[in-house]
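Thanks for making time this morning. I would like to walk you through one chain, going from the overall fold to the strand pairing and then to the charged side chains.

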Amino acid sequence: MISAPNQQQTSELCAFCSLSKVKIIYKDKLFGRGEKAVVIENLPVRQCGNCGESYYDPETSRLIDEVLK
């Protein structure tokens with residue numbers, strides 16, 4: 001398991017509301033069910049303190065797609 005900081009502030013504005021800078025929070029995420037379930041650890045999730053939306057950046061989304069293929 002790779003150790004990552006719990007969270008970090010960015011200068012990037014929220015992709016949804018554009019009103020607040022997002023912070024990056026590292027989370028483990030379960031994809032799928034049963035025997036086909038996959039857990040990806042320490043995914044960088046962008047989270048807005050204003051609107052509450054959470055999302056992945058394009059590179060993280062691409063890597064998730066590759067792992068799930």
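Before I count anything, a word on terms: helices here are DSSP runs of type H or I with at least four residues, strands are E runs of at least two, and both are numbered from the N terminus. Please also keep in mind that this is a predicted model. With those terms in hand, the chain has one helix and four strands, and if you follow the chain from the N terminus the elements come in the order β-β-β-β-α.

Let me stay with the whole chain for a moment. Its C-alpha atoms fill a box of roughly 40 × 25 × 20 Å along the principal axes, and of its 69 residues, 23% are buried. The accessible surface of the chain comes to about 5,100 Å², and carbon and sulfur atoms account for 50% of that. If you take the contacts with a separation of 6 or more, 33% of them are between residues 24 or more positions apart.

Now to the strands. Strand S1 covers residues 7–13 and strand S2 covers 21–31, and in the loop between them sits Ser18. Ser18 deserves a glance at its backbone, since its phi is near 55°, a positive value in a residue that is not glycine. As for its surroundings, Ser18 is partly exposed, with a relative accessible area of 45%.

Moving along, S2 and S3 pair in the antiparallel sense over nine bridges, and these two strands form a hairpin with six residues between them, where Gly32 in the turn has a positive phi of about 85°. Strand S3 itself runs over residues 38–48 and includes Asn42, which also has a positive phi, of about 55°, although it is not a glycine. Asn42 is partly exposed, with a relative accessible area of 22%, and I would call that value partly exposed rather than buried because buried means under 20%.

Further along S3 we come to Val45, which is the bridge partner of Ile25. Which residues does Val45 touch, once we leave aside its neighbours within four places in sequence? The list is Lys23, Ile24, Ile25, Lys27, Ser54, Tyr55 and Tyr56. Val45 is buried, at a relative accessible area of 10%. By way of contrast in space, Val45 and Glu66 are 21 residues apart in sequence, and their C-alpha atoms lie 17 Å apart.

On the other side of the sequence from that hairpin, S3 also pairs with strand S4, residues 54–55, again in the antiparallel sense, over two bridges. Here Arg46 stands opposite Tyr55 in S4. The hairpin of S3 and S4 has five residues between the strands, and within this hairpin Gly52 takes a positive phi near 85°.

That brings me to the charges. The chain carries 9 positive and 9 negative side chains, and the centres of the two sets lie 4 Å apart. In general, side chains of opposite charge can pair when their charged atoms come close. How many salt bridges does the structure hold? There are four, and I will go through three of these pairs by name, starting with Glu12 and Arg46, whose closest N and O atoms are 3.0 Å apart. This pair links distant parts of the chain, with Glu12 in strand S1 and Arg46 in strand S3, 34 residues apart. The two partners differ in exposure: Glu12 is partly exposed, at 30% relative accessible area, whereas Arg46 counts as buried, at 10% relative accessibility.

Arg46 has a further partner in Asp57, with the closest N and O atoms 3.7 Å apart. This pair, too, links distant parts of the chain, since Asp57 lies in the loop between S4 and helix H1, residues 58–68, while Arg46 is in S3, 11 residues away.

In the helix there is the pair of Glu59 and Arg62, whose side chains meet in a salt bridge at 2.7 Å, N to O. Both residues lie in H1, three residues apart, which is about one turn of the helix. Glu59 counts as partly exposed at 40% relative accessibility, and so does Arg62 at 47%. Finally, going back to the strands, Glu12, Arg46 and Asp57 are joined into one network by salt bridges that share partners.

How values were computed
Residues are numbered from 1 along each chain as its sequence is written. This is a predicted model: local features need pLDDT of at least 70, side-chain atom pairs count only at pLDDT 80 or more; totals for chains, interfaces and linings use all residues. Side-chain values use heavy atoms; hydrogens and water are left out. Buried means under 20% relative accessible area, exposed over 50%, partly exposed in between (1.4 Å probe, protein chains only). Contact means heavy atoms within 4.5 Å. Accessible areas come from the Shrake-Rupley method with a 1.4 Å probe; for residues, only the protein chains shown count as cover. Lys and Arg count as positive and Asp and Glu as negative; His and the chain ends are not counted. The place of a charge is taken as NZ of Lys, CZ of Arg, CG of Asp or CD of Glu. Two strands pair if DSSP finds at least two bridges between them.
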